[in-house]
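Here are a few exercises to work through with the sequence and the 3D view open side by side. Try each task before you read the solution below it.

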Amino acid sequence: MNEQRQVITNRVAFLEQKIPGYAAALGIAGLVVLWEIVCRMNIVPPLFLPAPSAILTAAWDMLVNGELIENLLASMYRIGAGYAIGAICGIAIGLILGFSRWADAILTPIVYSIYPIPKIALLPLIILWFGIGEMPKVAIIALGVFFPVVINTYSGVKTVDPILIKAAVTFGSNHLNVIRKVILPGALPMIFAGLKLAAGTSLLLLVSAEMIAAQQGIGSMVLHYGNLMITTKLMVGVLFLSLLGLIFNRTLQWLERKLIPWK
Amino acid sequence: MRIVIEDVGKTFLDSKKREVTALTNINFSIEEQEFVVLVGPSGCGKSTLLNIVGGLMSPSSGTVYFEGTQGKKPKLGIVFQEIALFPWRTVYENVIYGLEESGASKQEQQEKGKHYIDMVGLQGFEGAYPKQLSGGMRQRAGIARALAVEPDLLLMDEPFSALDAQTRTLMQEELLTIWDRTRLSTLYVTHNIQEAVYLADRVIVLSRHPGQIKEIIRIDLPKIGRDKEEYRSQFEQYADQIWQLIKHDAQEALKEG
């Protein structure tokens, strides 16, 4: 009998395969090492692609002489202020559009017709309105953040289960509390999807605006060293933009976990 | 306090803009401490009626009112078929929702919250989110939330229909025990005849097209322990009587899909 035995094994075990935590670091480390080797062997001239070690050295120098900090602070102020204004207005107006049928009917067509305009095209107009100070940069970022947030908040409100609103009203909630205690938390997952989308947009607009009209900031720094053909310092700017984006995303993820513990 | 449903009717416009009568000529009352069950085939408008009584839908004609309120604003508690707990609130926060909205003090919220969580047997799960609970436990939390406001009328819309058969039987027993302690006037909607006979003081049988009251049957059995052997034949008689009233309509409903 024994020879006829056929043990059944789990044929979909590959779906549950465990990957160790260092795998993520492995890819990046491998790429950097490969890059360094390519540069050291002079396969690509340093003008076109500076070595990672050279970029890091340049970054250290720029940190010490304060140039980097100065530009970074200017950029972070713009993106911080613009993002905050855009996000707060976006969430507030998205909630109102989702809740009030009148506001929805009147304002939503306007929102959807302005939404597809690439916001950077409005920069010359905004400079005309606000002058050439910090205002136009903050305004263009706020505008770029506002639309994805407002549209996601709006759809988030629409996806809140009406039975929950009925339940809240049954147990005595007034309209304000329905928005505060049911619609806002119910829309929160979608709001965060909008905030993450807007994070990418805001970085793009920051760099574009700084390249077009700014003396300071990472964007103008990158353009400046590009014009001077100092690619090492240009890459320092790119490196810090990547770090900025990474930190931005991580912060939003952390905030999302804090605010949506029930998921 | 007694609740009167007077000449209530409801018409809808269907997708082809034709008028459809969902309910017509509904007249009954729920006495203080009475457990009334609405039973009928699918599409008889029983959930519509419950929504009207709960103030979640306006009737096309007729009125629903509380009698003998003595100036007090009557409170409603609803247990939903979909359970409808707030996913972002823990069990405790869900249970005290109504108290919070009525402006009860923190201390009162805590006392009543604990009392009703204990009553439905959810002690130890106060800090859990609805997602972490089984269907039966979620509905217990839903019941506790409705009881916590100490309502003048408790409405239950097929509260156990989403549960599996075993959990359902247990929950019916528990509901009776809880009801026996609180004695709340209750309007309960179900399509399950056994459940209706098991729980009701009076069963209101609805028919469809249009939804109207076919018969009101008083269940003359002791409230607790109707599933005992000695009441079996009477229990079956009631169930059969209701089934005969509904059978034709249910068959029609089946044909329509």
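**Exercise 1.** Which residues of chain A does the UniProt annotation "domain: ABC transmembrane type-1" cover? Keep in mind that this is a predicted model.

*Solution.* Start with the record: the unreviewed UniProt entry places that annotation on residues 72-252 of chain A. Next, check what the chain is doing there. Over residues 72-252, chain A is 85% helix and 0% strand. Finally, look at the two ends of that stretch: their C-alpha atoms are 20 Å apart.

**Exercise 2.** Work out whether chain A is spread out or a compact globule.

*Solution.* Go through the helices and strands before anything else. Chain A has ten helices and zero strands, and its pattern along the sequence reads α-α-α-α-α-α-α-α-α-α. Now bring in the radius of gyration. For 263 residues the globule rule gives 18 Å, but chain A comes out at 25 Å, well over that, so it is more spread out than a compact globule. The spans along the principal axes fill in the picture, with the C-alpha trace of chain A covering about 90 × 70 × 30 Å. As for burial, 33% of the 263 residues of chain A count as buried. One last step concerns contacts within the chain: take those in chain A with a separation of 6 or more, and 72% of them link residues 24 or more positions apart.

**Exercise 3.** Describe the contact between chains A and B, with a closer look at the chain B side.

*Solution.* Count residues on each side: chain A puts in twelve residues and chain B puts in 17. Then ask which elements of chain B take part. Strand 5 (76-79) and helix 3 (97-101) of chain B each give two or more residues to the side that touches chain A. Helix 3 of chain B gives the most, with three residues. Sorting that side of chain B by class, you get eleven nonpolar, three polar and three charged residues.

**Exercise 4.** Split chain B into its domains and describe how they meet.

*Solution.* Draw the boundaries first: domain 1 of chain B is 2-74 + 152-256, and domain 2 is 89-151. Taken over C-alpha atoms, the centres of these two domains of chain B are 25 Å apart. Where they touch, twelve residues of domain 1 of chain B contact eight residues of domain 2 of chain B. On the domain 1 side, strand 6 (153-157) and helix 6 (165-182) of chain B are the elements that give two or more residues. The largest share, four residues, comes from helix 6 of chain B. By class, this domain 1 side has nine nonpolar residues, two polar and one charged.

**Exercise 5.** Why is strand 3 of chain B said to be largely enclosed by the rest of the structure?

*Solution.* Begin with burial: five of the five residues of strand 3 (residues 35-39) of chain B are buried, so the strand is largely enclosed. Then see which way the side chains go. B:Phe35, B:Val37 and B:Val39 point one way, B:Val36 and B:Leu38 point the other way, and all are buried. Now add the strand partners. Strand 3 of chain B pairs with strand 7 (residues 186-190) of chain B in the parallel sense over five bridges, and B:Val39 stands opposite B:Thr190 there. Strand 3 of chain B also pairs with strand 8 (residues 202-207) of chain B, in the parallel sense over four bridges. In strand 8 of chain B, B:Val203 is the bridge partner of B:Val37.

Conventions. Residues numbered from 1 in each chain as written. Chains lettered and ligands numbered in written order. Predicted model: local features only at pLDDT ≥ 70, side-chain atom pairs only at ≥ 80, totals over all residues. Contact = placed C-beta atoms within 7 Å. Nonpolar A, V, L, I, M, F, W, Y, C, P; charged D, E, K, R; others polar. Domains from an automatic or database assignment. Buried ≥ 20, exposed ≤ 12 C-beta atoms within 10 Å, placed from the backbone. Pairing = 2+ DSSP bridges. UniProt positions renumbered as here; feature names shortened; annotations may be inferred. Rg over C-alpha atoms; globule rule 2.2 N^0.38 Å.
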